[in-house]
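Visitor: I would like a close look at a single part of this structure, namely the second largest pocket, together with the elements that contribute to its lining. Please take me through it in one connected account.

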Amino acid sequence: MKIIILGAGQVGGTLAENLVGEKNEITVIDSDQETLRSLQDRLDLQVVHGVGSHPDVLAKAGAEDADMLIAVTNSDESNMMACQVAHTLFKTPTKIARVRSEQYIIHQEKLFHHQDIPVDHLIAPEQLVTKAIKRLIDYPGALQVVEFADGKASLVAVKAYYGGLLVGHALSTLREHMPNVDTRVAAIYRRGRPIRPLGSTVIEADDEVFFIAATKHIRAVMSELQKLESSYKRIMIAGGGLIGEGLAKRLEHNHNVKLIEYSPERAKYLSAQLDKTIVFCGDASDHELLTEENVQQVDAFIAVTNDDEANIMSAMLAKRLGAQKAMVLIQRSAYVDLVQGGEIDIAFSPQQATISALLTHIRRGDIVNVYSLRRGAAEAIEAIAHGDENTSKVIGRRIDEIKLPPGTTIGAIVRQDEVIIAHSTTMIEANDHVILFLVDKKFISDVEKLFQPSAFFFG
């Protein structure tokens with residue numbers, strides 16, 4: 001594919017890196033020459049210096065015969081205008097824009113059409129992150145919740161605690177405990193090391209267990225592994241930007257929400273916008289303010305300012321003062337693995353969420369979702385089985401007949417609306433969404449090859 005990426009920042013640069021290795025022809029446009037130069041030094045791609053929404057710059061980038069334009073600059077307006085110009089002047093088939101302002105997003109049904117603003121796919125990073133945090137609030141005790149096949153199946157990471165019904169028992173007893181719920185343990189991490197889950201594997205306290213199930217059964221499975229944590233009632237949010245405001249709006253009607261915002265003007269605006277959230281103006285890493293606001297009674301402290309260091313410090317302080325759970329937003333994805341799992345329970349990166357969403361629209365159907373799992377130790381992949389028995393290495397084969405890369409397991413298959421938990425005799429059919437778990441993420445390219453139909457493959 002010939003792809004033009006508008007914006008060479010963290011998202012644009014990481015996206016280019018992901019796509020260059022897949023034999024795509026990539027051109028990156030940016031107004032910062034230095035950033036472009038460093039990108040070109042590292043990757044095999046073309047760069048064009050200039051304003052990406054200008055027709056002459058798009059023409060220079062080869063928009064006449066581009067398959068796709070992905071506009072991910074920091075300006076919503078530039079991204080939308082670039083899509084408009086690409087559509088009107090160059091007839092670019094697929095146009096994707098990153099749009100952050102809620103003012104545009106709430107009207108997206110009416111605004112984004114070919115006859116109005118021609119954006120085929122809208123990526124809203126703040127919404128993606130807000131949704132991910134909301135899922136963690138909905139499933140207290142989960143370390144991570146990722147959804148597949150439009151939310152029909154979920155992969156959840158939990159820590160097994162003393163008192164959990166399954167602790168001290170073999171995995172094979174799971175079916176006895178829950179005869180009406182089908183689930184599959186995809187991996188177990190014990191003292192930081194992966195253990196291949198077999199029927200005879202005995203779950204120990206403190207094991208980190210990744211399981212997959214139909215989304216409607218998630219709570220039932222969690223209750224087998226740990227005493228279900230009480231629902232989070234009291235939430236404290238540090239940072240009243242787009243994510244903080246969006247999260248407060250989603251939570252305030254079912255939770256007691258307090259929000260700390262540093263800017264007096266923004267705090268005043270938030271007070272007017274939010275119905276039940278109590279808004280404070282102040283510094284979220286101020287010991288006195290946190291103590292005064294009873295941080296020790298908070299079920300979840302969520303730091304989502306634009307400053308990574310401020311988020312980390314305020315969350316660590318809140319945890320030390322007695323907050324039950326500490327979650328932080330981290331812009332630099334390299335930091336995520338460093339801070340998660342100590343005093344900070346969960347760290348999330350808007351860049352990773354954005355890249356995952358973009359790849360869903362870019363990949364030509366075989367791999368539609370790739371999630372980096374806790375501390376980057378593993379990956380979960382959703383792949384669609386394309387082709388037929390003659391062209392595919394997986395269709396028409398039982399799972400025990402498929403040559404999977406080392407440390408890779410198939411956890412579930414989503415077939416139309418049905419979630420099928422995978423067993424060795426399960427047969428894969430065309431157009432199945434296959435959910436795989438990789439203990440070692442370096443084998444992703446092998447999984448991609450496995451799911452690419454080939455005219456030269458005849459079983």
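Guide: Contact here means that heavy atoms lie within 4.5 Å. With that in hand, and bearing in mind that this is a predicted model, we can begin at the pocket itself. The second largest pocket holds about 850 Å³ of space, and its lining is made up of 46 residues, of which Asn74, Arg100, Glu126, Asn306 and Gln331 lie nearest its centre. Several elements each supply at least two residues of that lining, namely α1 (10-20), β2, α7, α10 (242-251), β13 (256-261), α13 (308-320) and α15.

Of the residues nearest the centre, glutamate 126 deserves a closer look. Glutamate 126 is found in helix α7, which spans residues 125-138, and its relative accessibility is 11%, so it counts as buried, the limit being under 20%. When its neighbours within four places in sequence are left aside, glutamate 126 is in contact with Arg100, Leu242 and Ile243. Arg100 is itself among the residues nearest the centre of the pocket, while α10, one of the elements that supply at least two lining residues, covers 242-251.

Strand β2 is another contributor to the lining, and its surroundings can be followed strand by strand. Strand β2 comprises residues 25-30 and is mostly covered, with five of its six residues buried. On one pairing, strand β1 (residues 2-6) is joined to β2 by five bridges, and the two run parallel; within this pairing, lysine 2 has glutamate 25 of β2 as its bridge partner. On another pairing, β2 and strand β3 (residues 46-49) are matched in the parallel sense over four bridges, and threonine 27 has its bridge partner in β3, at glutamine 46. Between β2 and β3 the chain passes through helix α2 (residues 33-42), and this β-α-β crossover is right-handed.

Helix α15 also supplies lining residues. It runs over residues 350-362, has 13 residues, and reaches 18 Å from its first C-alpha to its last, which is close to the 18 Å expected at 1.5 Å a residue. The buried residues of α15 are Pro350, Gln351, Thr354, Ile355, Ser356, Ala357, Leu358, Leu359 and Ile362.

For context, we may turn to strand β5, residues 94-98, which is mostly covered, with four of its five residues buried. Strand β4 (residues 68-71) is joined to β5 by four bridges, and these strands run parallel, with alanine 97 of β5 as the bridge partner of alanine 71. The chain travels from β4 to β5 by way of helix α4 (residues 76-90), in a β-α-β crossover that is right-handed. Three further bridges join β5 to strand β6 (residues 121-123), again in a parallel arrangement, and the bridge partner of isoleucine 96 in β6 is histidine 121.

Finally, the pocket may be set beside the enclosed space in this model. A search of the whole structure finds one cavity of 30 Å³ or more, and the largest cavity has a volume of about 30 Å³. Its lining consists of Phe148, Leu155, Ala186, Ile212, Ala380, Gly411, Ile435, Leu436 and Phe437, and strand β22 (residues 433-438) gives the most to that lining, with three residues.

Terms used. Residues are numbered from 1 along each chain as its sequence is written. This is a predicted model: local features need pLDDT of at least 70, side-chain atom pairs count only at pLDDT 80 or more; totals for chains, interfaces and linings use all residues. Side-chain values use heavy atoms; hydrogens and water are left out. Buried means under 20% relative accessible area, exposed over 50%, partly exposed in between (1.4 Å probe, protein chains only). Two strands pair if DSSP finds at least two bridges between them. A crossover is right-handed if, with the strands pointing away from the viewer, the path from the first strand over the helix to the second runs clockwise. The expected span of a helix is 1.5 Å times one less than its number of residues. On a 1 Å grid over the protein atoms alone, a cavity is a set of points where a 1.4 Å probe fits but cannot get out, and a pocket is an open set with protein on both sides within 12 Å along at least five of seven lines; lining residues have an atom within 4 Å of a point. Grid points are joined across faces, edges and corners, and a volume is the space filled by probe spheres set on the points.
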